[in-house]
Amino acid sequence: MKLRPFPPLLGLAVVALLGSVSPGSLLAQEAVDDTGITVRLQGGAPAGEDVVDEALLRYLASRGDRAAAEVEIARLKELHPDWEPPTDLFGGLPRVDEGPLWQLYESGDYAAVRSRIEALRKERPDWTPPEKLVTLMAVNEARAASEAAAAAGDWASIVALFEAQPAAATCEHVDNLWRLAEAQQRTGAGAAALATYARIITTCPDADHRFATLQKAKLLVSPAELERLVGLEKARAGSPDRVAKLETLTARPAASAGSRPAGPDFSRIYKPGASVGDARVVADAVIRRRDAAAARKIGWIYQAAGDDAAAAPWFQRSLDWAPGEEAARGLAMSLAALGKLPELDALATRYPDVVTEARGGQVAVAVDRGDLATVLKLTRRTGKPAELLMRSWAYMKLLRPTEAQLSFARVMAAPDAMPLQRDEAVYGLIRAQIAQHLFQDAAQSIERYGLPPDQYNEVQAELLNQEIQVAFRQKDYRRTVALLEKRRDFALPDRGLEIQEAWARYHTGEMHTARRIFTRLDRIVSTEETEAGLAQVSRKLGPSW
C-alpha cells in the first residue's frame with residue numbers, strides 16, 4: 001500500500017512520513033533485526049524489509065517542487081542504492097477522486113452513484129470502483145427491496161432475492177435474515193424458515209439480536225418448534241437471569257378454573273404489576289368488544305415485557321378502533337424497536353411529532369444496548385445532528401470509517417448543529433481519517449478546525465506513532481529516538497514503543513541507555529524480548545558490565 005503524503009504537523013515543524021499501520025493496533029508484528037534478535041513492531045511491514053518511504057517525495061512532487069524532489073531522490077538513492085524513483089511523479093494519470101461517490105452513497109442516491117461510476121469508467125478505463133462501495137450498495141438495495149416486498153406481502157420475491165444475494169443475509173445484516181425467515185414461513189417452506197432461525201441462534205454473536213429472533217419466530221412457528229429454538233439459545237445463555245428471560249417466551253397462560261358466561265375480569269390488566277399472562281386471558285374478549293383502551297393497555301404490558309413484536313398489533317388495533325396520540329406513541333415505539341421503517345414512515349404522515357420522538361428515543365436505547373445495526377437502521381433518513389453523531393460512532397465501532405467520515409461531515413455542515421456537536425464531529429472526522437490511513441487529510445483537518453488539548457494530544461501521539469514505525473522499519477534509528485522523545489510531549493509510551501526505543505538506542509551506540517530500558521521492562525514483566533535485549537546489550541558491553 002503506497003503512503004499518502006503528509007504536510008507538516010501542526011506545531012511540530014516536521015513532515016509526517018506515515019506507514020500503513022492502523023492507529024492503536026494491538027497486533028504486534030515480528031521482524032528479525034540485523035543482530036539476529038526478533039523485534040516486535042507496532043504494526044506495518046517487518047523491520048527487516050528494506051522499505052523505501054516515498055511519502056515525502058510524492059508530497060513534494062504534488063506541490064510541483066522539482067528542486068526539492070530531486071534532493072529527496074538523491075537522499076533516497078543514498079539510503080537505497082537499488083531503488084529507482086517513480087516515473088509518475090510529475091505526470092501520468094491523476095488519481096480518481098472517489099469522494100463524490102461516497103457522498104452520493106451516504107445520501108442514498110444509488111442510481112446517481114452508478115451513473116457516476118459509469119462516467120468515470122469511460123473517462124478512466126484503468127479505474128475500478130471501490131469494492132466496499134459496491135458491496136454496501138448491494139446490501140442496502142437488497143434490504144430496501146425486501147422491505148418493500150414485505151410491505152406488499154410479496155414473500156416469494158424476498159426468498160428469491162436473498163437466494164440470489166446470500167451475502168446480504170448475514171448476522172451483520174440480521175434484519176435481512178429475519179425477513180428471509182418470515183418469507184420462507186409464509187411461502188410454505190417451514191423447514192427452511194426454522195433452519196434460518198436456527199442459523200441466527202447458533203451463529204450470530206449479538207445476544208439481543210438472538211432474543212429478538214425468538215420473539216419474531218414465536219409469531220410464526222409452532223410451539224414445539226419454538227421450544228426447539230429456545231433450547232438452542234439456552235445452550236448459549238450464560239446466566240440464570242438469561243434462562244429465566246428465555247422461559248417467558250414459551251410460558252403458557254394458566255388454565256382458568258371454569259368458563260363463565262360473564263367472561264374474563266378486565267380489571268386484571270389495569271392492576272399494578274399486570275403481566276403478559278393477564279393480557280392473554282382477556283385478549284380474545286378485547287378483540288370481540290373492540291375495546292381501544294384495553295388494547296392500548298395490553299400493548300403497554302407487552303412492551304414493558306420487552307416483546308415489541310407482540311405489542312405492535314395491539315397498539316395498531318387501538319389506533320384503528322379509536323385514533324389517538326397515546327396509541328400512536330405506543331405503536332411508534334414498538335415499530336422503532338423492531339426497525340420497521342416503512343411502517344414507521346407511514347405512521348409519521350399522521351403523527352409526525354410522535355414518530356420523531358419515538359425514533360430518537362429508540363436510537364438512544366439501541367446505543368445503550370450496543371445494538372449498532374438498529375442505530376444505523378433508525379438513523380438512515382435522519383438529518384438531526386444528535387442522531388447523526390450516534391450514526392457516525394456506530395460506523396466507527398463497526399470498522400466502517402469511510403462512512404463514518406461522511407456522516408461526521410454531515411454533522412459539521414448541519415445548520416442546526418450545536419457548537420459542542422460540531423466539536424465532537426470534528427474529532428470523529430479526524431479519527432475516521434486516521435483509521436483509513438488518510439494522514440495528510442487528518443493533519444489538514446487538525447490545522448483547519450483545531451481540537452481541544454486532550455484530543456489534540458491523543459491524535460498527535462497516534463500520528464507520531466506512525467512516523468516512529470516508518471523510521472524504525474527504515475533503520476533510521478536516530479530519527480526513531482528523536483520521534484519517540486517528541487511523542488512524550490503528547491503521551492507516555494507503551495511497552496511496545498519502549499522496546500523499540502531500547503533497540504534504537506542500541507543501534508545508535510547508546511548501550512547504557514538501552515540496557516537501562518531493557519532492565520526496567522524485564523523487572524516489570526520478563527519476556528523473551530527483554531531477555532534477548534539484555535543479552536545482546538551485555539555482549540556488546542563486555543564481561544566487565
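**Exercise 1. Find the disulfide and describe its surroundings.**

*Solution.* Start with the count: the structure holds one disulfide, taking that term as a pair of cysteine sulfur atoms within 2.5 Å. Before going on, a word on the model: it is predicted, so local features need pLDDT of at least 70 and side-chain atom pairs count only at pLDDT 80 or more, while totals for chains, interfaces and linings use all residues. Residues are numbered from 1 along each chain as its sequence is written, and side-chain values use heavy atoms, with hydrogens and water left out.

Next, the partners. Cys-171 is joined to Cys-204, with an S to S distance of 2.0 Å. The torsion about their S-S bond is about -90°, so this disulfide is left-handed.

Then place both ends. Cys-171 sits in the loop between α6 (155-164) and α7 (174-186), and Cys-204 in the loop between α8 (190-203) and α9 (207-218); the pair is 33 residues apart and links distant parts of the chain. Helices here are DSSP runs (H or I, at least four residues), numbered from the N terminus.

Last, check accessibility. Buried means under 20% relative accessible area, exposed over 50%, and partly exposed in between (1.4 Å probe, protein chains only). Cys-171 has 25%, so it is partly exposed; Cys-204 has 3%, so it is buried.

**Exercise 2. Stay in the loop between α6 and α7 and work out the setting of His-173.**

*Solution.* First, is His-173 buried or exposed? At 8% relative accessibility, His-173 counts as buried.

Now list its contacts (heavy atoms within 4.5 Å). Leaving aside neighbours within four places in sequence, His-173 touches Val-139, Arg-143, Ala-167 and Ala-168. For a longer reach, take Asn-140: the C-alpha atoms of His-173 and Asn-140 are separated by 9.3 Å, and the two residues are 33 apart along the chain.

**Exercise 3. Pick out the hubs of the largest nonpolar core.**

*Solution.* Begin with the term: a nonpolar core is a set of buried Ala, Val, Leu, Ile, Met, Phe, Trp, Tyr and Cys residues joined through side-chain atoms within 4.5 Å. The largest one has 71 residues, and those touching the most other members are Val-286, Ile-298, Tyr-302, Leu-347, Ile-430, Leu-451 and Val-459.

Zoom in on Val-459. Not counting residues up to four places away in sequence, Val-459 touches Tyr-427, Ile-430, Arg-431, Ile-434, Ile-446 and Leu-451. Apart from this core lies another of 18 residues, including Ala-149, Ala-168, Val-174 and Ala-212.

**Exercise 4. Describe how helix α22 is packed and what follows it.**

*Solution.* Helix α22 spans residues 439-449, and its buried residues are Phe-439, Gln-440, Asp-441, Ala-442, Ala-443, Ser-445 and Ile-446. Their cover includes α21 (419-435) and α23. Just after α22, Gly-450 takes a positive phi of about 75°.

**Exercise 5. Look at the positive phi values of Arg-290 and Lys-475.**

*Solution.* Take Arg-290: it isn't a glycine, yet its phi is about 50°. Arg-290 lies in the loop between α12 (276-289) and α13 (292-304), and it counts as exposed at 53% relative accessibility.

Then turn to Lys-475, another residue other than glycine, with phi near 60°. Lys-475 is in the loop between α23 (453-473) and α24 (477-487). At 42% relative accessibility, Lys-475 counts as partly exposed.

Conventions. Helix = DSSP H or I, 4+ residues; strand = E, 2+ residues; numbered from the N terminus.
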